[in-house]
Amino acid sequence: MCGIVAYIGNREAYPIIIKGLQRLEYRGYDSAGVALINKAGKLNVYKRKGKVSDLLDFVKDEDTSGSIGIGHTRWATHGEPNDVNSHPHYSQTKDLVMIHNGIIENYAAIKEGLTKRGHTFLSDTDTEVLIHLIEEIQTHENMKLGHAVQAALKQVNGAYAIVILDKNDTNTLVAAKKGSPMVIGIGKDDFFIASDATPIIEYTKNVVYLEDEEVAILRRGQELKIRNLKDKVITPYIQELTLEIESIEKGGYDHFMLKEIYEQPRSVLDSMRGRLRAYEGDIKMGGIVDHEKKFEKAKRIIFIACGTSWHAGLVAEYLFEEFARVPVEVEYASEFRYRNPVIYEDDIVIAISQSGETADTLAAIELAKSKGATVLGVCNVVGSSIARATQGGSYTHAGPEIGVASTKAFTAQVTVLTLMALHMAKVRGTLSETRFRQLCYEMEAIPSKIEEVLKLNDQLREIAFIYKDTANALYLGRGVSFPVALEGALKLKEISYIHAEGYPAAEMKHGPIALIDEEMPVFVIATKGANYEKVVSNIQEVKARKGKIIAVVTSGDTEVKAIADHVIEIPETDEFLVPLISVVPFQLLSYHIAVMRGCNVDQPRNLAKSVTVE
Ligand code: F6R
């Protein structure tokens, strides 16, 4: 994980780097640091455990001048989060400093060799080992820094996005990447480097996404030069960003998470825009059009994802099986990649990822590709590694999601996957025209129904107040609502640190029912549909043991209302589309509980938004 930012040009580097680090804090916030070279050629390095705001306090009376610099916000992997392990890290002579996002897997062996050759290390990090190695090669082989970086990177296993600053060359930055993202912004006469485009967009919209095993040399006032590790010269492919600055700011909300919850009517609409043509009874998805024959003939769909995106995959399992009558498997990418799974050439593998950078999902994609499957992506971040590694797919178009807890990305993923399932059903002829059209019209109405649910905010805040001090919570759902129960539990635990479990409602009696007493809040999705009566029975089982029931029900419901402690009434929709609506009250409940408990909603402890380590 970790966020990296660098600048070289004619402006002051420090404010650009700090603002960029604040935008990238979602990637990790264990520590932050900067290195700058001032006009006199003095290298100043400041780094601190904690957030970028702690770094700001720390350096407020220091010299932060200079028009070249690098900065880092860390999510700790090797070495505990403390000042010493913070980036940037020095080489042996302290002439070079480096920031790094990723993991050097064989760092221990390299460190052993370097130690024998007289190197001493200040930190426990893999990063420090790499910059020592680069300097050793540079000195021994009398190489330019760029060539030394190429040579050193040939010796390392793992993932990296690195930027190096050389005290003796104040006009050059050297950057390289493999497995971790890196974007280079091309200004009028300056360069910006960052882990994603958000620190760059207010300065330039022209960017180059560095590819794996490429090394970039950025010289002040000169053109960007890129070579790969085999020393082949690469012509930079300059793309124009479509991102707008407003989309990455809080826009009057207290937290990004709240803003993103409220954006859902819009983001779900954006996910359908140009694709869903309810009136014509058609769905057009440009990114899968080339794979239509595969969709027609596929024997199986495999979803690979992690966390919330995995929950979206679970929802999709119900939809693809119901609508397109195709067998579906939903896999944790981290398990799939290490399991030697059986994959056939007529399998369609769909990777789901908000960030498009999740290391396990990327590795699972490579495995599926190597076995000959068609691999598609459902990603939010345009130009991300997963979007580029897949053979096609669809962007979710939810806009930047900055709160660490995923909200609008989930509903956008489920929207796109629903459209894909309907499209596949059409191609395979597994749904009647009437049912297909009925579902299309229901999809069209989802944004306004989410709007209705958002109006329940005051009621949800009151319920949150009642349960904010609970130690545990249980979430139950059946059928397509089971993944929503998992997602509700994940939202609560990750931002409020309350232990929560999601379960298929009927599984409760096989164990979790033992947990139920008068202290236990049980959140249940009990909307109208085929499983309704069964869920009502499950609610009765909880009430018989004095558990507290907070039920999400279809508007107008009376049966559950009569037995539940609280009901949250949501608009009626097709039972297969309910997750798009029913997840929203759980997002708001978790948000309010976390705020009431004084938790850092947008940056929960130990987490990072983009999980680029396995
Ligand atoms: C939970 C959350 C995580 C992510 C997971 C996958 O709120 O955000 O569980 O869903 O880390 O991330 P992506 O979707 O970026 O691959």
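**Entry 1: Asn-106**

I began with Asn-106, which is buried, with a relative accessible area of 18%. I keep in mind throughout that this is a predicted model. The label "buried" applies because the value is under 20%. I then looked for the place of Asn-106 along the chain, and I found it in the loop between strand E6 (96–104) and helix H3 (107–116). Which backbone oxygen lies 2.9 Å from a polar atom of the side chain of Asn-106? I traced that oxygen to Gln-155.

**Entry 2: Arg-27**

Next I turned to Arg-27, and I placed this residue in the loop between H1 and strand E2 (31–37). I noted that Arg-27 is buried and yet has no salt bridge. The nearest side chain of opposite charge is that of Asp-196, and I wrote down a distance of 4.8 Å. What does lie 2.7 Å from a polar atom of the Arg-27 side chain? I found the backbone oxygen of Cys-2 at that distance.

**Entry 3: Salt bridges**

I reminded myself of the general idea that side chains of opposite charge can pair when their charged atoms come close. How many salt bridges does the count come to? I recorded 36 salt bridges, and I then went through some of them one by one.

I looked up Arg-266 and Asp-270, whose side chains meet in a salt bridge at 3.3 Å, N to O. These two residues are 4 apart in helix H7 (residues 264–272), so about one helical turn separates Arg-266 from Asp-270. I also checked how much of each is covered: Arg-266 is exposed, with a relative accessible area of 53%, whereas Asp-270 is buried, with 18%.

I then took Glu-296 and Lys-293, which form a salt bridge with an N to O distance of 3.5 Å. Both residues lie in helix H8 (residues 292–297), where they are 3 residues apart, about one turn of the helix. For Glu-296 I noted a relative accessibility of 32%, which counts as partly exposed, and for Lys-293 I noted 59%, which counts as exposed.

For the pair Glu-331 and Arg-339, I found that the closest N and O atoms of the salt bridge are 2.7 Å apart. Is Glu-331 buried or exposed? I recorded Glu-331 as buried, with a relative accessible area of 9%, while its partner Arg-339 is partly exposed at 41%.

I closed this entry with a group rather than a pair, since Lys-19, Arg-23, Glu-202 and Glu-249 are linked in a network of salt bridges.

**Entry 4: A negative patch**

Which residues form a negative surface patch? I listed Glu-12, Asp-61, Glu-62 and Asp-63. I followed up one of them, Glu-12, and found its place in the loop between strand E1 (3–8) and helix H1 (13–24). With 41% relative accessibility, Glu-12 counts as partly exposed; Glu-12 can belong to a patch because patch residues need over 30% relative accessible area and no salt bridge.

**Entry 5: Backbone angles**

Before looking at the backbone, I noted that most residues other than glycine have a negative phi, and that most peptide bonds are trans. I therefore wrote down the departures from this general pattern that I came across.

I found a cis peptide bond joining His-87 and Pro-88, with omega at about 0°. Pro-88 has its place in the loop between strand E4 (68–74) and strand E5 (89–90).

His-397 has a positive phi, near 55°, although this residue is not a glycine. I located His-397 in the loop between strand E22 (392–395) and helix H13 (408–428), and I recorded a relative accessible area of 37%, which is partly exposed.

Tyr-497, which is likewise not a glycine, has a positive phi of about 65°. I placed Tyr-497 in the loop between helix H16 (482–496) and strand E24 (499–504), and I noted that Tyr-497 is partly exposed, with a relative accessible area of 28%.

**Entry 6: Glu-260**

My last residue was Glu-260, which lies in helix H6 (residues 256–262). I recorded Glu-260 as buried, with a relative accessible area of 1%. How many residues separate Glu-260 from Ala-398 in sequence? I wrote down 138 residues in sequence, and a distance in space of 9.2 Å from C-alpha to C-alpha.

Notes
Residues are numbered from 1 along each chain as its sequence is written. This is a predicted model: local features need pLDDT of at least 70, side-chain atom pairs count only at pLDDT 80 or more; totals for chains, interfaces and linings use all residues. Side-chain values use heavy atoms; hydrogens and water are left out. Patches are made of residues with over 30% relative accessible area and no salt bridge: like charges are joined within 9 Å, nonpolar side chains (Val, Leu, Ile, Met, Phe, Trp, Tyr) within 5 Å. Accessible areas come from the Shrake-Rupley method with a 1.4 Å probe; for residues, only the protein chains shown count as cover. A salt bridge is a side-chain nitrogen of Lys or Arg within 4 Å of a carboxyl oxygen of Asp or Glu. Lys and Arg count as positive and Asp and Glu as negative; His and the chain ends are not counted. The place of a charge is taken as NZ of Lys, CZ of Arg, CG of Asp or CD of Glu. Buried means under 20% relative accessible area, exposed over 50%, partly exposed in between (1.4 Å probe, protein chains only). A polar contact is a pair of N or O atoms within 3.5 Å; within protein, one must be able to donate a hydrogen and the other to accept it, and residues adjacent in sequence count only if both atoms are side-chain atoms.
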